[in-house]
Amino acid sequence: MATDNRVHFWRRNPKVPGSLQPVYGAQHPPLDPRRHRLLKDTPKDSSLNTKSKKPSTFHEFARSTNDAWDIDDEEDDGMFSLKQPSSSPVQSRSMPHTPCDKLIKATADTESLPRPPDRQESISTNLVLDRLDDESGPANGRVIKSCSDAQLNVNAARSTLQKQHSLPVRPVIPLVARISDQNASGAPPMTVREKTRLDKFKQLLASPNTDLEELRKHSWSGIPREVRPVTWRLLSGYLPANRERRDLVLQRKREEYFGFIEQYYNSRTDENHRDTYRQIHIDIPRTNPLIPLFQQPLVQEVFERILFIWAIRHPASGYVQGINDLVTPFFVVFLSEFVEEDVENFEMASLPLDTQRNIEADSFWCMSKLLDGIQDNYTFAQPGIQIKVKALEELVSRIDEDVHVHFQKCEVEYLQFAFRWMNNLLMRELPLRCTIRLWDTYQAESEGFSHFHLYVCAAFLIKWRKEILSMLDFQSLLMLLQNLPTIHWGNEEVGLLLAEAYRLKYMFADAPSHYKR
């Protein structure tokens, strides 16, 4: 039976990851679990008069959706305007003491009583509506419509209170802006401890020869925004530790990159490279589609040049879907060096041309350094990813056997969800601000993007063990794994994830037989 369900699911959902093409079509960003829960769990009011179907249907729709909007939506003003007598001719023609007046008065009286915010409210309203049905008897359509409108106005008047009960009050975290300075709880961006850490980074970077080991030690728990660009250049091996040589190296490497542009970029329309450029051109608009910065034509042209030049210079792998995501953290970090406001809404064209070129060249070289360590992920048949997914399966079977057995019962293969985790380095599972914080640690770790990433994926999977075990069929389990609710994650959550990954690495990295059966 489970096999039939799985086959039926794949037939109805051809874009679910599990083959090469659908891996890159996941929903981005992940679903907001609060809104999804609200839409799913909102109770339906079955006590409305069914003689007038149209007002009843609209009323049920309003009750099922009014809690899903943001607290400060301007739509509330329009709903409150329904209370004006002139805007409701049906109300103005109704009798002075109709049952609707009793409904409004009774509801107001019940609101003054102490009660739990949600359950008692619906109970009291239902009782009043039942009494209204008994008193009104076989009423005509006009009175019924007036009652429905009056009830809708009462619901609108309570909508703000309902929203405050249903949605937790927390600040909205932008996708990119103030990446390193914002955590999930909305704490102030700069504490005394963070200022001390920033001073330590500046001291290390200002020394004639930067101690890279000491720099990695301090970078493991996060790099301050102000010094992240130069720190990433150093930790990736793009810049030398000697401070006097840095300007000369930057100038030489940037000139070398634009030499590649002049030499190779015009060949993008040649028959040998036409398919590569076409695939890059298709994938670029899909990169972070919800961030306005990456939808600017100028930025997309930068990404096209970076990816095409890298593919030409690495014929063993060429361009593979997913590499386009790996440019974005470097690009945003190097752009933040020149931007004080929100990066996600910044106009790239407002920067001087030389600055634009420097950001592009630095992003290319740092991405190249990263891919040099994981290039077997993108060669023919992608053997690096297959090895890592198998290692993840063995590791999870040892650290959480319940989750592993649950996957087997639901006939879910690790490759169906973990392929993307390895191919995109969790960039499709986490907001961009979290990816940048994660990469602080990856740059500080030895083989962070290849070896340590395995333990981060294991910790990330076990993080959702309760939700995973609650899914009892193939379809719901796979959809959960492809849409994990991380949209509100920040530095705090990433820090806990990295701490758990380090614990797993400490237990298993030097004793691989421990997680082999």
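**Group meeting: an all-helical predicted model**

I begin at the start of helix H24, where a side-chain oxygen of Asp473 comes to within 3.1 Å of the backbone nitrogen of Gln475. Helix H24 itself covers residues 474-482, and its buried residues are Phe474, Leu477, Leu478, Leu480, Leu481 and Gln482. Please bear in mind throughout that this is a predicted model.

Let me now step back to the chain as a whole. It contains 25 helices and zero strands. Of its 517 residues, 50% count as buried. The chain exposes about 26,100 Å², and carbon and sulfur atoms account for 53% of that area. As for how the chain is held together, consider contacts between residues at least 6 apart in sequence: 76% of these join residues at least 24 apart.

I turn next to the interior. In soluble globular proteins, nonpolar side chains tend to be buried together. In this model, the largest nonpolar core comprises 112 residues, and those with the most contacts inside it are Phe331, Leu335, Phe407 and Trp439. Helix H22, residues 448-463, gives the largest share of this core, with eleven residues.

Which residues does Trp439 contact, once its neighbours within four places in sequence are left aside? They are Trp232, Leu326, Pro329, Phe330, Leu370, Leu425, Met427 and Phe449. One of these partners, Leu425, deserves a remark of its own. Leu425 sits in the loop between H20 and H21, and with a relative accessibility of 1% it counts as buried. Its phi is near 55°, a positive value in a residue other than glycine.

A positive phi is also found at Glu411, where the angle is near 60°, again in a residue other than glycine. Glu411 belongs to the loop between helix H19, residues 401-409, and H20. At 23% relative accessibility, Glu411 counts as partly exposed.

I come now to the charged residues. The structure holds 14 salt bridges, and I shall describe three pairs and one network. In the first pair, Asp325 bridges to Arg428, with 2.8 Å between the closest N and O atoms. This pair links distant parts of the chain, 103 residues apart: Asp325 is in the loop between helices H15 and H16, while Arg428 is in the loop between helices H20 and H21. Both Asp325 and Arg428 are buried.

The second pair is Lys505 with Glu445, whose side chains meet at 2.7 Å, N to O. Lys505 lies in helix H25 and Glu445 in the loop between H21 and H22, so this salt bridge ties together parts that are 60 residues apart in sequence. Are these two residues buried or exposed? Lys505 counts as buried because its relative accessibility is 19%, under the 20% limit for that class. Glu445 is buried as well, with a relative accessible area of 10%.

The third pair is local. Arg503 forms a salt bridge with Glu500, the closest N and O atoms being 2.6 Å apart. Both residues lie in helix H25, three residues apart, about one turn of the helix. An α-helix has 3.6 residues a turn, so residues three or four places apart point the same way. Arg503 is partly exposed, with a relative accessible area of 40%, and Glu500 is also partly exposed, at 29%.

Beyond these pairs, salt bridges link Arg233, Arg254, Glu337 and Asp362 in a network.

A further arginine to point out is Arg305, located in helix H15. Arg305 is buried, its relative accessible area being 18%. Not counting residues up to four places away in sequence, Arg305 touches Tyr257, Ile261, Tyr265 and Glu360.

I close at the surface, returning to helix H25. What makes up the nonpolar surface patch of about 370 Å²? Its members are Tyr502, Tyr506 and Met507. Tyr502 has its place in helix H25, which spans residues 491-508. With a relative accessible area of 41%, Tyr502 is partly exposed. Helix H25 therefore carries Lys505, which ties the helix to the loop between H21 and H22, as well as the pair Arg503 and Glu500 and the patch residue Tyr502.

Notes:
Residues are numbered from 1 along each chain as its sequence is written. This is a predicted model: local features need pLDDT of at least 70, side-chain atom pairs count only at pLDDT 80 or more; totals for chains, interfaces and linings use all residues. Side-chain values use heavy atoms; hydrogens and water are left out. Patches are made of residues with over 30% relative accessible area and no salt bridge: like charges are joined within 9 Å, nonpolar side chains (Val, Leu, Ile, Met, Phe, Trp, Tyr) within 5 Å. Accessible areas come from the Shrake-Rupley method with a 1.4 Å probe; for residues, only the protein chains shown count as cover. A salt bridge is a side-chain nitrogen of Lys or Arg within 4 Å of a carboxyl oxygen of Asp or Glu. Helices (H or I, at least four residues) and strands (E, at least two) are DSSP runs, numbered from the N terminus. Buried means under 20% relative accessible area, exposed over 50%, partly exposed in between (1.4 Å probe, protein chains only). Contact means heavy atoms within 4.5 Å. A nonpolar core is a set of buried Ala, Val, Leu, Ile, Met, Phe, Trp, Tyr and Cys residues joined through side-chain atoms within 4.5 Å. A polar contact is a pair of N or O atoms within 3.5 Å; within protein, one must be able to donate a hydrogen and the other to accept it, and residues adjacent in sequence count only if both atoms are side-chain atoms.
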